[in-house]
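User: I'd like to go through this one with you and ask what stands behind each label. Can you show it first?

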Amino acid sequence: MTISEHLNTLKSQLPEHVTLVAVSKTKPVSAITEAYNCGQRIFGENKIQEMVDKHEQLPKDIEWHMIGHVQRNKVKYMADFVNLIHGVDSFKLLKEINKQAQKHNRTINCLLQIKIAEEDSKFGMSANDAKALITSEAFSTLQNVCITGVMGMATFTEDTNQIEKEFKFLKTTFEALKPLQTENCNLQTISMGMSGDYELAIKNGSTMIRVGSSIFGARNYSEQ
Ligand SMILES: *Cc1c(COP(=O)(O)O)cnc(C)c1O
C-alpha cells in the first residue's frame with residue numbers, strides 16, 4: 001500500500017475527537033508531501049534540526065510537533081514555528097521555551113510528559129511533580145507557554161495488559177490535573193498511542209495519537 005492508502009485507512013478508523021500526528025522522523029520530504037497532498041497537516045519529528053530543515057522546505061500551513069526529548073540549548077531553533085512540544089518534563093525546560101517564545105512574541109503550547117512506563121529509560125515526570133509544577137508561583141510567571149495536556153509512552157512490550165494499565169494511569173493523571181486551570185495551563189490533550197497500540201490508547205482516553213511506521217512504513221536507521 002502507498003502512504004496515502006495507509007493514511008486514508010487510518011483516518012477512516014479514527015473517532016472525531018482524536019487528532020492524528022503523522023510521525024515523519026527519518027522520512028524524506030517526498031513522503032511528507034505525499035501525506036500532505038492527502039490532507040494531512042500535522043507532522044511529528046523527534047530531532048530539532050531535522051524538523052527545522054523540513055519546515056524550511058515544506059508548505060507553511062503544516063503544524064510541526066516536537067515529540068522527542070528536547071535539549072534546552074536547541075529550543076531556540078524551533079521557537080519561531082513549533083506548534084506543540086510533547087515531551088516537556090522539567091521546569092527548567094519550560095523556562096527556556098518561555099524565554100525563546102517571548103523573543104518571537106508567541107505562546108508555545110506544551111504537553112507535560114508523564115512517566116507511565118516501568119522501564120528506566122523513558123523520560124517523564126511523576127504525577128505529583130506535574131501537579132507541583134502547575135501550581136507553583138514560578139510557573140505562573142511564564143506568560144509565553146501554555147500547558148495544554150499530557151503525554152506518555154508505554155513500556156515497549158507485547159503485554160497488552162501492561163500497556164493498558166499504563167494508559168489508564170495517564171488518563172487518571174490527566175483527570176486529576178485537569179481542574180488545576182491557570183492562565184497558562186488548560187489541559188485538553190492526552191497524547192498517547194503509536195502504531196502498535198493506538199487502538200488501545202483511544203479506548204483508554206487518548207485524544208492525540210502519534211503514528212509513524214503504520215503510515216510511512218518501517219524506519220531504516222542504518223541508512224541515515
Ligand atoms: C517514533 C515515535 C512515535 C511513532 O512510532 P511508530 O511506532 O512508528 O508509530 C511516536 N511517539 C514518539 C515519541 C516517537 O519517538
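User: Which oxygen or nitrogen atoms are involved where R219 meets the ligand, and how far apart are they?

Analyst: An oxygen atom of the ligand sits 2.8 Å from an N or O atom in the side chain of R219. A polar contact is a pair of N or O atoms within 3.5 Å; within protein, one must be able to donate a hydrogen and the other to accept it, and residues adjacent in sequence count only if both atoms are side-chain atoms. Keep in mind that this is a predicted model, where local features need pLDDT of at least 70, side-chain atom pairs count only at pLDDT 80 or more, and totals for chains, interfaces and linings use all residues. Residues are numbered from 1 along each chain as its sequence is written, and side-chain values use heavy atoms, with hydrogens and water left out.

User: What do S195 and G212 bring to the ligand?

Analyst: For S195, an N or O atom of the side chain is 2.5 Å from a ligand oxygen. G212 uses a backbone N or O atom instead, 2.8 Å from an oxygen atom of the ligand.

User: How much of the ligand does the protein cover?

Analyst: 90% of the 390 Å² of accessible area that the ligand has on its own, by the Shrake-Rupley method with a 1.4 Å probe.

User: Why is H55 called buried?

Analyst: Buried means under 20% relative accessible area, exposed over 50%, and partly exposed in between (1.4 Å probe, protein chains only). H55 has 16% relative accessibility, so it counts as buried. Its place is in helix α3, and, not counting residues up to four places away in sequence, H55 touches K60, W64 and F81, contact being heavy atoms within 4.5 Å.

User: And what makes E175 partly exposed?

Analyst: E175 comes out at 39% relative accessibility, so it counts as partly exposed. This residue lies in helix α8, and its side chain joins that of K171 through a polar contact of 2.9 Å.

User: How do you know what counts as a helix?

Analyst: Helices (H or I, at least four residues) and strands (E, at least two) are DSSP runs, numbered from the N terminus.

User: Which residues touch the most other members of the largest nonpolar core?

Analyst: Among the 64 residues there, M78, I85, L94, I97, I147 and I215 do. Helix α8 (residues 160-177) gives the largest share, five residues. A nonpolar core is a set of buried Ala, Val, Leu, Ile, Met, Phe, Trp, Tyr and Cys residues joined through side-chain atoms within 4.5 Å.
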